Structures are given as C-alpha cells and as structure tokens.
Amino acid sequence: LDLTKILLRIAKDESSHNVFYNQVVDAHLELNPDLITHVWPVIRNFKMPGGSLKDFDERMKAIQKVGYGSEEYVNQVLDVLIKRWKITKLEPKTLEGKKAKENILKYVEKLKRINAKLKKRN
C-alpha cells in the first residue's frame, strides 16, 4: 500500500465513525434531551489526538500554517455539532440538563470571542 491509499483508508474509516457516533448522539438526545449532560464534559475536555507526542506543538504549528486552527475547530466542528444535534432548540427537563446546554453554548461563544481577539492581534 502506498501512502495515498493508507490515508484514503483512514479517512473513510474516520468518516464512518463520525456518521455512527453522530447518529447515536442524535438518537439519544431525541429520546432524552437531558443526556446533554454527558455531551458537555466531552466538549469541555476535548484534546487533539496526539497531544502526548513530544513534538505535538510543532505539528500543531504546521497544521495551523496550512489553515486549520482553533477558529476552524469552532466553525467546522463545534458549530456543526450544535446545529446537527439541535442543541439550541433542545429542551432538557432537569436543571442539570438545562445548565449543560447553557454551558455548551456559552463555551462556544467564549471560544469565538477568544478567536476574534487573536485574529485582531495577528
């Protein structure tokens, strides 16, 4: 196998995982909106895979140079998931569920403000 075939295989596999897990979350939130309490810690604690690699920071700088950084993460991942899972329209019944929804939306807005400030500096 050459590198192109390997990368295409990995991309296909990742895409399949993405579809599966999105459908699982969709179904669970539809059945019980209070399960948003399990989504909030995942969003809040997310770390890029490979963070334990000793040259991780250098790799991230290289990735940012080709146009993928925290702004793209918010726009292409978090905003997409919020829309897909209809988090803004979600109606949790418990206080914990309502707080988790609020926390997710506030966190994303905070990241957007930070990204805007960083963009102005550069």
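Lys-86 sits in the loop between helix 4 and helix 5 of this predicted model. The phi angle of Lys-86 is positive, near 55°, and the residue is not a glycine. Lys-86 has a relative accessible area of 53% and therefore counts as exposed, the cut-off for that class being over 50%. Along the chain, Lys-86 follows helix 4, and that helix is a convenient place from which to read the rest of the fold.

The protein has 5 helices and 0 strands, so the order of elements from the N terminus is simply α-α-α-α-α. Along the principal axes, the C-alpha atoms fill a box of roughly 50 × 40 × 25 Å. The chain has 122 residues, of which 22% count as buried. Among contacts between residues at least 6 apart in sequence, 68% join residues at least 24 apart.

Helix 4 covers residues 70–84, which is 15 residues. At 1.5 Å a residue the expected span is 21 Å, and the end C-alpha atoms lie 20 Å apart, so the two values agree. The expected figure is 21 Å because the rise is multiplied by one less than the number of residues. Five residues of helix 4 are buried: Tyr-73, Val-74, Leu-78, Leu-81 and Ile-82. The spacing of such positions can be read against helix geometry. An α-helix has 3.6 residues a turn, so residues three or four places apart point the same way. The buried residues of helix 4 pack against three other elements, namely helix 1 (3–31), helix 2 (36–45) and helix 5 (95–121).

Helix 4 also contributes to the pockets. Rolling a probe the size of a water molecule over the atoms shows where empty space is left. The largest pocket has a volume of about 860 Å³. It is lined by 25 residues, and the closest to its centre are Asn-18, Val-42, Val-77, Leu-81 and Trp-85. Leu-81 thus appears both among the buried residues of helix 4 and among the residues closest to the centre of this pocket. Helix 1, helix 2 and helix 4 each supply at least two lining residues. The largest share, 8 residues, comes from helix 1. By residue type, the lining of the largest pocket divides into 18 nonpolar, 6 polar and 1 charged.

The second largest pocket holds about 390 Å³ of space. Of its 17 lining residues, the closest to the centre are Phe-46, Met-48, Met-60, Ser-70 and Tyr-73. Here helix 2, helix 3 (56–65), helix 4 and helix 5 each supply at least two residues of the lining. That lining divides into 10 nonpolar, 5 polar and 2 charged residues.

Met-48, one of the residues closest to the centre of the second largest pocket, is in the loop between helix 2 and helix 3. With a relative accessible area of 34%, Met-48 is partly exposed. Leaving aside residues up to four places away in sequence, Met-48 touches Phe-56 and Met-60. Met-48 and Met-60 are 12 residues apart along the chain, and their C-alpha atoms are separated by 9.4 Å.

The aromatic residues remain. A pair of aromatic rings is described by the distance of the centres and the angle of the planes. The count for this model comes to 3 aromatic pairs. In one of them, the rings of Trp-40 and Tyr-107 have centres 5.6 Å apart and planes at 70°, so the arrangement is edge-to-face. This pair links distant parts of the chain, with Trp-40 in helix 2 and Tyr-107 in helix 5, 67 residues apart. Trp-40 counts as buried, at 13% relative accessibility, whereas Tyr-107 is partly exposed at 23%.

Phe-46 and Tyr-73 form another pair, which is stacked, with 5.6 Å centre to centre and 10° between the planes. Phe-46 lies in the loop between helix 2 and helix 3 and Tyr-73 in helix 4, 27 residues apart, and the pair again links distant parts of the chain. Phe-46 is partly exposed, with a relative accessible area of 39%, while Tyr-73 counts as buried at 17%. Both Phe-46 and Tyr-73 are among the residues closest to the centre of the second largest pocket.

Conventions:
Residues numbered from 1 in each chain as written. Predicted model: local features only at pLDDT ≥ 70, side-chain atom pairs only at ≥ 80, totals over all residues. Heavy atoms only, no water. Helix = DSSP H or I, 4+ residues; strand = E, 2+ residues; numbered from the N terminus. Buried < 20%, exposed > 50% of the residue type's maximum accessible area, 1.4 Å probe, protein only. Contact = heavy atoms within 4.5 Å. 1 Å grid on protein atoms, 1.4 Å probe; cavity = no way out; pocket = protein on both sides within 12 Å on 5 of 7 lines; lining within 4 Å. Points joined across faces, edges and corners; volume = space filled by probe spheres on them. Nonpolar A, V, L, I, M, F, W, Y, C, P; charged D, E, K, R; others polar. Phe/Tyr/Trp six-rings, centres within 6.5 Å; stacked < 30°, edge-to-face > 60°.
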